[in-house]
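Load the model in a viewer and keep the selection tool at hand. The tour moves from one sheet to another, then to the empty spaces.

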Amino acid sequence: MTTKHSIFLIVLLFLFPAHSQELILSDKAVVSVLTCGPGTDLYSKFGHTSFRVQDSEQGIDWIYNYGTFDFNTPNFYSKFARGKLLYSLSKQRLENFLYTYELENRWVKEQLLTLSAKEKNELFTFLEINYLPENRKYKYDFLYDNCSTKIPDILKEILGKDLQFESYQDTTSFTFRDLIQQNLIGNSWSSFGIDLALGAVIDKKAEPLQYMFLPNYVLRQLEHTKLHGEPLVQRERTILDYNKQNRGNFFTTSPLFWFGLLCLFTVSITYIDIRNKVRSKVLDVVLFSVTGIAGCIIFFLWFLTDHHATEINLNILWAFPFNLVLVYYLLRNSKTPVWVSTYLLGLLILLGITLLIWVFKIQIFSPILAVILATLAIRYSFLLYRAKKLETTTL
């Protein structure tokens, strides 16, 4: 351990002397890392990671979990949406921790760490002090500061330069979006929603150590980590042996099915409109309302929240917030404004720019977006043609 880390621990012990005197583990103590498999709900699809400290002589078997938050927090949903909700470190007995994972049939694996008695006590002291009410809360970040990143960060803080993370990756490199999508089912609403809500910032290549924002990569990296030149993981064992798989959806419930259906419906209605020389207002209200609302949500996540992963989201080029302005005129049954044809031309240009951004990989969009763009392009083109024709007739 370096001088800097020794000083850090001494300061902690000095600040909390009464508390630290109680934090003495016996020689039989064991410190390990638990990795939990994915669940069914979106928030649990990426798994989970925690520290475990056992000491049979003192009756200790505690889980230190950095992935908890309080539903009773004032303005909970507002803070969650704006990225201002604080997460916290919780401590509970192993049997209580495992209860949820047993109910959900999720596997739990344990990696026992090869630490000296001094290192175990230093890590235990750190966790106990971090668990104090004034210290336990932290500003959560999905990519850079979550329950998984806490594990390597704390190990580095305690063990210093004696801890070496060895490279084990092949030549393949992944973006943050690639890594996220590895945990999701293709053609699912969760996969589509992630691609819609998160911006171009997650399309940059992740460094190998940054993969550890996902629990499964913490598990794999610790298998290739050394302490004092020896393997950090003494041995690995399975606590809960469930093999829950992420199963695919029925196609009829998938976003591709429903957006494909919308595209066919739009083509059919547009063909009928052309033949009958009319315009189906209901379809236009639906398309402009959905894209406008989606654009407002993207704008909110990009500019009005603390979420970093939602920044520079170029989905806003096709999910255009100002489409709601056009809905206002459609619902009023008022005369079509003179600027509509210019506006529609602008929307078509934005669709083209979206395609170029996709082709040049400035931002990677959901594959389902191809169907959405085709739907919008067909309807916008018809509306532009009709608007131009009405202008010519008026003249």
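Which residue in β8 is the bridge partner of Leu 163? Select Leu 227, the bridge partner of Leu 163 in β8. This is a predicted model, in which local features need pLDDT of at least 70 and side-chain atom pairs count only at pLDDT 80 or more, while totals for chains, interfaces and linings use all residues. Residues are numbered from 1 along each chain as its sequence is written, and side-chain values use heavy atoms, with hydrogens and water left out.

**The three-stranded sheet**

Extend the selection to β7 and to β8, residues 225–227: 3 bridges join these two antiparallel strands. Helices (H or I, at least four residues) and strands (E, at least two) are DSSP runs, numbered from the N terminus. Two strands count as paired if DSSP finds at least two bridges between them. Add β9 to complete an open sheet of 3 strands, ordered β7-β8-β9 with antiparallel pairing. β7 (163–165) and β9 (230–231) stand at the edges with a single partner strand each, so one side of each has no neighbour in the sheet.

Now show α6, residues 150–159, which lies across β7 and β8 and runs at about 145° to β7. Contact here means heavy atoms within 4.5 Å. Axes are lines fitted to C-alpha atoms, for helices over the stretch in contact, and angles run from 0 to 180 degrees between N-to-C directions.

**The seven-stranded sheet**

Next, select the 7 strands of the open sheet β6-β4-β3-β2-β1-β5-β10, whose pairing is antiparallel. Its edges are β6 (137–139) and β10 (233–240); each has a single partner strand, so one side of each is left without a neighbour in the sheet. From one strand to the next, the twist averages 25°.

Inside this sheet, pick β2 (residues 48–55) and β3, antiparallel strands joined by 5 bridges. Val 53 has Trp 62 as its bridge partner in β3. Then add helix α5 (residues 117–130), lying across β1 (30–36), β2, β3 and β4 at about 55° to β3.

**The largest pocket**

Rolling a probe the size of a water molecule over the atoms shows where empty space is left. On a 1 Å grid over the protein atoms alone, a cavity is a set of points where a 1.4 Å probe fits but cannot get out; a pocket is an open set with protein on both sides within 12 Å along at least five of seven lines; lining residues have an atom within 4 Å of a point.

The largest pocket has a volume of about 1,600 Å³. Select Tyr 43, Phe 69, Phe 80, Tyr 87 and Tyr 140, the closest to its centre of the 48 lining residues. Elements giving two or more residues to this lining are β3 (60–68), α3 (76–81), β4 (86–93), α4 (94–103) and α8 (189–197). Of these, α8 gives the most, with 5 residues.

**The cavity**

Stay on α8, which also supplies the largest share of the lining of the largest cavity, 3 residues. Select Phe 192, Asp 195, Leu 196, Asn 315, Trp 318, Phe 365, Ser 366 and Leu 369 to see that lining in full. About 40 Å³ of space lies in the largest cavity.

**The whole chain**

Finally, zoom out to the 14 helices and 10 strands of the protein. Along its principal axes, the C-alpha trace spans about 90 × 40 × 40 Å.

Key. Grid points are joined across faces, edges and corners, and a volume is the space filled by probe spheres set on the points.
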